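The exercises below invite you to look at a structure part by part and to reason from what you find. Try each task before reading its solution.

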Amino acid sequence: MPLYYTATIRERRQFDHLVWKSLIAPEIARTARPGQFVLVRVSPSFDPLLWSVFFLAGADPHSGTVELLIDPRDSAGGWLAGYPVGTQLDVCMPVVPAVTPNLTTQTLLLAGVGPTLPALLFTARQYAARLSISLWLTGDEGYLPPPFLLPATVEVQTSTGGAAALFNLLTVSRVDNPIRWADQIIFALPPQLFGMAVEAIRTVRLRWEHGFAQVIVAGPLPCGLGICRVCQIETRHGWQRCCIEGPVFDLRDLRLPVL
Ligand code: FES
């Protein structure tokens with residue numbers, strides 16, 4: 001069930017080409033978890049008519065703030081980059097599955113590309129005190145989340161190659177391949193890269209169980225509320241909506257020809 005709030009832009013900073021915003025939104029900050037997203041539009045207005053989707057980059061229940069990282073090139077959400085501090089926003093947070101490290105996980109590998117990267121940032125920040133975390137990101141020069149937003153204990157590897165460069169980065173050395181030593185992996189990927197993720201795991205692991213690899217699906221979420229069904233993805237449990245049953249899925253549950 002979605003929850004509706006009014007939020008205010010508290011701070012705006014520019015990190016290379018990305019725009020970071022902190023929003024005062026205490027109710028959301030109290031319950032938000034990594035992998036969750038918010039729907040945003042300027043309050044009170046219907047411009048843009050459709051809500052824009054942003055994966056949360058962080059939440060601090062103590063200050064009552066949540067953080068967004070905005071790519072100004074994003075045709076759906078880039079408009080928010082230009083709004084100044086003090087702007088009031090309508091914010092809706094659907095209650096959806098979040099990233100969940102297993103109780104036995106000690107070393108967590110986060111790897112991703114695309115618009116759900118802020119969710120990996122949130123995951124790293126949320127669990128850095130408890131887990132050993134390595135974060136591997138690929139994106140365009142100047143559009144990757146800045147490592148200094150992360151705790152110093154998080155190891156960060158980045159590449160500015162294309163999307164497939166992520167798997168080159170991960171598998172460049174069979175011996176040092178982080179998939180080999182990770183207790184669990186959280187990917188942030190568009191559907192066309194799921195097959196590469198499976199292959200990358202198979203190159204170093206003969207067996208991998210349910211719960212070993214989760215995916216935060218990076219795909220279009222036009223309504224974000226379960227109405228349009230544009231975001232459907234085929235799983236072992238049938239067609240599911242990324243904005244309601246996801247956006248976090250177990251990689252083994254996704255229907256792929258190579259699984
Ligand atoms: S985005 Fe419309 S149903 Fe998921």
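## Exercise 1: Two domains and their interface

This protein, seen here as a predicted model, is divided into domain 1, covering 3-93, and domain 2, covering 107-253.

Task: describe how domain 1 and domain 2 are placed relative to each other, and how much area is buried between domain 1 and domain 2.

Solution. Begin with the distance: the C-alpha centres of domain 1 and domain 2 are 22 Å apart. Next, take the contacts, in which 26 residues of domain 1 meet 29 residues of domain 2. Then turn to the area, bearing in mind that the size of an interface is often given as the accessible area lost when the parts come together. Between domain 1 and domain 2 the buried area is about 2,200 Å², and carbon and sulfur atoms give 70% of this area. On the side of domain 1, the residues P34, F55 and R73 supply 27% of the area that this domain buries against domain 2, which is more than any other three residues supply.

## Exercise 2: Polar links and the side of domain 1

Task: state how many salt bridges and how many residue pairs in polar contact are found between domain 1 and domain 2, and then say what makes up the side of domain 1 that touches domain 2.

Solution. The rule finds two salt bridges across the interface of the two domains. The count of residue pairs in polar contact between domain 1 and domain 2 is four. As for the strands, β1 (3-15), β2 (18-24), β3 (37-42), β4 (52-55), β5 (58-60) and β6 (65-70) each supply at least two residues of the side of domain 1 that touches domain 2. Sorted by kind, the residues of that side are 18 nonpolar, three polar and five charged.

## Exercise 3: The surroundings of E67

Task: find where E67 lies, which residues E67 touches, and whether E67 is buried or exposed.

Solution. First locate E67, which belongs to strand β6. Leaving aside residues up to four places away in sequence, E67 touches W20, K21, L56, A57, G58 and R125. One of these partners, R125, forms a salt bridge with E67, and the closest N and O atoms of this pair are 2.8 Å apart. Finally, the relative accessibility of E67 is 11%, and because buried means under 20%, E67 counts as buried.

## Exercise 4: Backbone features in loops

Task: which residues have a positive phi although they are not glycines, and how accessible are they?

Solution. Take D16, which lies in the loop between β1 and β2 and has a positive phi of about 60° although it is not a glycine. The relative accessibility of D16 is 58%, so D16 counts as exposed. Then take R229, in the loop between β12 (213-217) and β13 (232-235), where phi is positive at about 65° although R229 is not a glycine. At 43% relative accessibility R229 lies under the cut-off of 50% for exposed, and therefore R229 counts as partly exposed.

Task: where does a cis peptide bond occur?

Solution. The cis peptide bond joins G246 and P247, with omega of about 10°, and P247 is found in the loop between β14 (238-241) and β15 (248-250).

## Exercise 5: A residue pair

Task: is L50 buried or exposed, and how far apart are L50 and E234 in space?

Solution. L50 sits in the loop between β3 and β4, and its relative accessibility is 52%, so L50 counts as exposed. From C-alpha to C-alpha, L50 and E234 are 25 Å apart in space, while in sequence they are 184 residues apart.

Note on methods: Residues numbered from 1 in each chain as written. Predicted model: local features only at pLDDT ≥ 70, side-chain atom pairs only at ≥ 80, totals over all residues. Heavy atoms only, no water. Domains from an automatic or database assignment. Contact = heavy atoms within 4.5 Å. Buried area = accessible area lost by both parts, 1.4 Å probe. Salt bridge = Lys/Arg side-chain N within 4 Å of Asp/Glu carboxyl O. Polar contact = N/O pair within 3.5 Å; in protein donor to acceptor, adjacent residues only side chain to side chain. Helix = DSSP H or I, 4+ residues; strand = E, 2+ residues; numbered from the N terminus. Nonpolar A, V, L, I, M, F, W, Y, C, P; charged D, E, K, R; others polar. Buried < 20%, exposed > 50% of the residue type's maximum accessible area, 1.4 Å probe, protein only.
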